[in-house]
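Got your viewer open? Let's take a short walk through the fold, one selection at a time.

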Amino acid sequence: MTTTTKTMLDQQLNRARLVSSIAATVISLACGTNYVYSAWAPQFADKLHLTTTQSNLIGLAGNLGMYSMGVPVGMYVDRRGTRPPVIVGALLLGLGYFPFKAAYESGTGSVPLLCIFSFLTGFGSCMAFAGSVKTSALNWPHHRGTATAFPLAAFGLSAFFFSASGSVFFPGNTGAFLMFLSVGTFALTFLGFFFLKVYPHSSYHPVHSGPGLSSSQQLRRTLSEESKSQAGCSYVDGEPGMSPTVYTTPSGTTAPALRGGTDELPEPSSSRDVSPPRRSNDVEAASAGTAQEDIDETSSLVSRSSSLPGDVYVESSVDMDRSHRIDIRGWALLKSLEFWQLFCIMAILAGIGLMTINNIGHDVNALWKYYDKTVDDTFLIHRQQMHVSTLSVGSFVGRLLSGVGSDFLVKVLKASRVWCLALGSLIFFIAQLCALNILNPHLLGFVSGLSGLGYGFLFGVFPSIVAESFGIHGLSQNWGFMTLSPVVSGNVFNLFYGKVFDKHSIVNDEGERTCPDGIDCYKDAYYMTLGACAIGLCVSLWTIRRQHHQRLKEGKRTAED
């Protein structure tokens, strides 16, 4: 293959990757609708005469579906690829939201049944989002933080997109807005599915001409052994990052991918095992054919073989990246102290963010009804949607800043990505202080904006941290384990908020529940999250220190080898 042909192929692949990244971003835009819950939850609760705790249970069911299913969904994505979960997620999102529209129109509904449908919306979001994020990570391995920042940011912007669209097209009409959620989430995910695809990254190795090598053999990429004989494999090694990579020598022997961070390579084949040189035209045909045969979702991201007889080469920057050299998952993951450090950070900060995300509507109602007794429901709905939009935009900005900023930290400053988590803890701390002191509802935007920004910093960088710490091959299932943490913390913080709010609430003659105490309706809940922020910051700094020492030890071992 000539240099010009290779350049044209690379350009075509890059364009295809860009289209796939745009599709991943569009899909992610439909996956963050659990965070728009506060825009319609107060009106839905009033119509069905639900308590704040019951309303929070329905919201928590959505979070449960999003986070608790991360492990099985991640394992499925790692095993089978990124596309099947997306189409299933589209169906679950559409089917999950429609019953809420029906319940609102009828004014009745079973709370357990509504929790199940809410769970389906979260489960659908989890499936589609896992596929879109991993596709972006695999398509751009050299810029993983930036590449994943866009679908992650779109996920954070989802609430803004739907709440802003609802306020424009369905002002004050909660039933129509719920129908819009059902149709809109399905349509965005379903359309994005057709353009979402993983494309290979070729590793070409120029070699010097020798007695046994013709000039046409100086630049070559060999075919993947898995694509030749999948029937002989005991696992599905289809998609990049799905399972351990097997490097193949020209003699037909195989060598396992580097696991657990080791840098040892298999012994080269002896000279008698080396296959005879191919004819020049055979090599060129194989090289040209590879470009067409490997460009599909079941291609390998890592080069399967070397152009040098008897040697195993792992020289491309894709191969040498730490996330491709290690593969820690399953029991090995659970035995890792670094996993539990990151798990605790995720639990604390995500739980803090989810409490405000799910209850900003109740904050708005309590503060405005205390501040101005004349406000009506239409005004309150508009304010709720405005704060949901503010949260969403803050999350969008935070995800972009942390994703791109973490790449800057690693590549330029040679620092840990976990510094983004420390900054997120500080942002959350300031947000909690604002919630505890703001009495004027016009200033409540500081609470929603800073909470969204902190939440964005958390989720914008976390997938890259997981890939960097435990390997790209098991990213989806490892990320699934990590997202189990908000299931516990989100329940604790949200249920505590509900108990505090209900404690100050009264029921009027029409059966409607309201809290007349203003900031006291929720103040105690934010005292608890303020203390949690301090713990999160301490664990983040501890993780940074430990990572620094671990990386120094790895560097010394590599230098000695």
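Helices (H or I, at least four residues) and strands (E, at least two) are DSSP runs, numbered from the N terminus. Keep in mind that this is a predicted model: local features need pLDDT of at least 70, side-chain atom pairs count only at pLDDT 80 or more, and totals for chains, interfaces and linings use all residues. Residues are numbered from 1 along each chain as its sequence is written, and side-chain values use heavy atoms, with hydrogens and water left out.

Start with the whole protein, coloured by secondary structure: you should find 20 helices and four strands. Of its 561 residues, 57% count as buried (under 20% relative accessible area, 1.4 Å probe, protein chains only).

Next, select α2 (37–48). This helix gives five residues, the largest share, to the lining of the second largest pocket. Here, a pocket is an open set of points on a 1 Å grid over the protein atoms alone, where a 1.4 Å probe fits, with protein on both sides within 12 Å along at least five of seven lines; lining residues have an atom within 4 Å of a point. Now add Pro 42, Asp 46, Lys 369, Glu 512 and Arg 513, the closest to the centre among the 27 lining residues.

Last stop: show Arg 417 and Glu 468 as sticks. They form a salt bridge (side-chain nitrogen of Lys or Arg within 4 Å of a carboxyl oxygen of Asp or Glu), with the closest N and O atoms 3.2 Å apart. Arg 417 sits in the loop between α15 and α16, and Glu 468 in helix α17, 51 residues apart. At 9% relative accessibility, Arg 417 counts as buried.

How values were computed
Buried means under 20% relative accessible area, exposed over 50%, partly exposed in between (1.4 Å probe, protein chains only).
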